[in-house]
Amino acid sequence: MTDSQNYDAIIIGAGVLGCAIALEMSRRGKRTLNVDKAPAAGSGSTSNSCAIVRFTYSTKVGVAFSWEGGQYWKDWANYIGTDDELGLIDYHQVGQLNLFTDDAERLTKVHKLWDEVGIPYEYLTPDQLDERFPFMDFGWYGPPTRPDDPAFWKDAEGPVKGALWSPDAGYVSDPQLSCHNLQRGAEAEGGEFRFRTEVTAVSTAGGQVSGVTLTDSVGNSVDVSAPIVINVAGPHSYLINQMAGVYDEMNIKTRALRHEVHHVPSPEGIDFMSAGTVGADDDIGFYFRPEVGNNVLLGSVDADCDPSEYVHPDDYDTSIDRDQWKTQVLRATRRMPGMGVPPDHEARGIVDLYDVSDDWLPIYDRTELGGFYVAIGTSGNQYKNAGAVGQAMADLIEAVESGHDHDTDPIQVTGRYTGLKIDLSAYSRNREINPDSSMSVHG
Ligand SMILES: Cc1cc2nc3c(=O)[nH]c(=O)nc-3n(C[C@H](O)[C@H](O)[C@H](O)COP(=O)(O)OP(=O)(O)OC[C@H]3O[C@@H](n4cnc5c(N)ncnc54)[C@H](O)[C@@H]3O)c2cc1C
């Protein structure tokens, strides 16, 4: 059966970015349709996001964009602007610790950027760290290794150098709910959503995108037309780019990287939900935050010693790798000695995919195909920026559709909360690999 319908813009994906773009564009009067093959908003990689909001990026534009993006979470109810029968997310502003270790150069750069952008922070000495977090051991153990390396078990070589404390950082406890909130916000403005529906073709006419073919779960296909189509398909983004015929022309490519996050009971006698914090620990090679049920969530910073597994987004192992789980938990017990090591059969956590770009910075851009845009390559670090991405993509699309040549005269977005200027050339598909990037999940 074939049918036909018209929209101003079709958004492929209803993850946190696709939903934020829908909210922004529908608020500007566009008739939007989000299409997702999953059963509900935020069921893709967003559902397993750690949803940490922090500002420790390695480029000035990255720091500014994250600071702007962070303000949305603090003003969530106003931003969403409508009720959601499931309730609204809470932003847990617990602060973030960034330990100064061997990699002092990166953090030195970060705090200079924070000074330039105007982001508050404190420098904590090892004594202050002991006082504020008495259940943690601030020994200097790095660089990161794995338990089969004797260096893993060595004693601390004195204390870490100190830490940057970022009081505005935190996390969102339910990233999938944040997508539902955004969906309801967009629907209140006339935005539409279709789930369990896959984009199986991107159509063109006269060198311009003209719509997509949608196929439902029982194989029925429908052609839907729109002069604007936006690829926000997360780890599937490169497949959509291939479908649209724009993959080869882009200088920066994206790939799906398998990533595990583990959940472990908090250290004995510690209420980590209130006493804990978000932390980035490049000395031992993990990051952490409180997780519901008085657990500690542990993620890998993808240190060189850890495996990197690039996969096809529809074909990868979704079970926890016991070896990686044990490595992460043992790392965490060095920093939090009161944390026990659960037996192997109690290994808990999630497996999902990062949509990693060549330099771990996102691509927010137009393409050579007129009307076809991308918000991809989010590299495990763009959840926090969703609101700001919504504004940036809507500004970009409005300008390009009005005839502006973004490739030669890049759009500058003025953040609606901070007034900061975001030069979108930093996120161009045609940029050279940015040498200032950390080339990691830090962005
Ligand atoms: C384990 C993990 C931890 C992370 N932690 C953090 C963090 O702490 N802080 C942070 O800022 N970021 C973090 N990130 C990154 C962040 O979660 C992502 O950048 C963000 O969620 C990406 O959102 P998205 O909307 O682009 O993609 P997704 O949420 O993946 O949405 C894409 C959607 O497209 C749909 N789709 C794909 N192909 C098709 C098709 N052909 N037809 C129809 N629909 C299609 C999918 O079903 C999916 O729902 C993490 C990511 C992971 C995986």
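Two residues are in contact if their C-beta atoms, placed from the backbone, lie within 7 Å. The model is predicted: local features need pLDDT of at least 70 and side-chain atom pairs count only at pLDDT 80 or more, whereas totals for chains, interfaces and linings use all residues. Residues are numbered from 1 along each chain as its sequence is written.

**Exercise 1. Describe the surroundings of His 442.**

Solution.
- Step 1: His 442 lies in the segment after strand S24 (421-423); helices (H or I, at least four residues) and strands (E, at least two) are DSSP runs, numbered from the N terminus.
- Step 2: Leaving aside residues up to four places away in sequence, His 442 touches Thr 56 and Ser 58.
- Step 3: A residue is buried if 20 or more other C-beta atoms lie within 10 Å of its own, exposed if 12 or fewer, and partly exposed in between. His 442 has 24 C-beta neighbours inside 10 Å and therefore counts as buried.
- Step 4: Leu 23 is 419 residues away from His 442 along the chain, and 27 Å separate their C-alpha atoms.

**Exercise 2. Analyse the length and the environment of helix H1 (residues 16-27).**

Solution.
- Step 1: The expected span of a helix is 1.5 Å times one less than its number of residues. For the twelve residues of H1 this rule gives 16 Å, and the end C-alpha atoms are 17 Å apart, which agrees.
- Step 2: H1 is largely enclosed by the rest of the structure, because eleven of its twelve residues are buried. Among them are Leu 17, Cys 19, Ile 21, Leu 23 and Glu 24.
- Step 3: The packing partners of these buried residues are S2, S3, helix H6 (175-188), S14, S22 and helix H10 (386-401).
- Step 4: After H1 comes Gly 29, with a positive phi near 90°.

**Exercise 3. Establish the strand order of the six-stranded sheet and identify its edges.**

Solution.
- Step 1: Two strands pair if DSSP finds at least two bridges between them. The order in this open sheet is S10-S3-S2-S14-S22-S21, with mixed pairing.
- Step 2: S10 (192-194) and S21 (363-366) are the edge strands; each has a single partner strand, so one side of each lacks a neighbour in the sheet.
- Step 3: On average, neighbouring strands of this sheet are turned by 15° against each other, direction ignored. Axes are lines fitted to C-alpha atoms, for helices over the stretch in contact, and angles run from 0 to 180 degrees between N-to-C directions.
- Step 4: S3 (residues 32-35) and S10 run parallel and are joined by three bridges. Val 35 stands opposite Arg 194 in S10.
- Step 5: Helix H7 (residues 237-244) packs on the sheet and touches S2 (9-12), S14 (228-231) and S22 (372-376), its direction making about 165° with that of S22.

**Exercise 4. Characterise the side of domain 1 that touches domain 2.**

Solution.
- Step 1: The domain assignment gives domain 1 (4-87 + 174-253 + 359-427) and domain 2 (91-171 + 255-352); such bounds come from an automatic or database assignment.
- Step 2: The domain centres, taken over C-alpha atoms, are separated by 30 Å. Contacts link 24 residues of domain 1 with 28 residues of domain 2.
- Step 3: On the domain 1 side, strand S4 (52-53) and helix H2 (60-74) give two or more residues. H2 gives the most, with seven residues.
- Step 4: By class, this side has 13 nonpolar, seven polar and four charged residues. Ala, Val, Leu, Ile, Met, Phe, Trp, Tyr, Cys and Pro count as nonpolar, Asp, Glu, Lys and Arg as charged, and the others, Gly among them, as polar.
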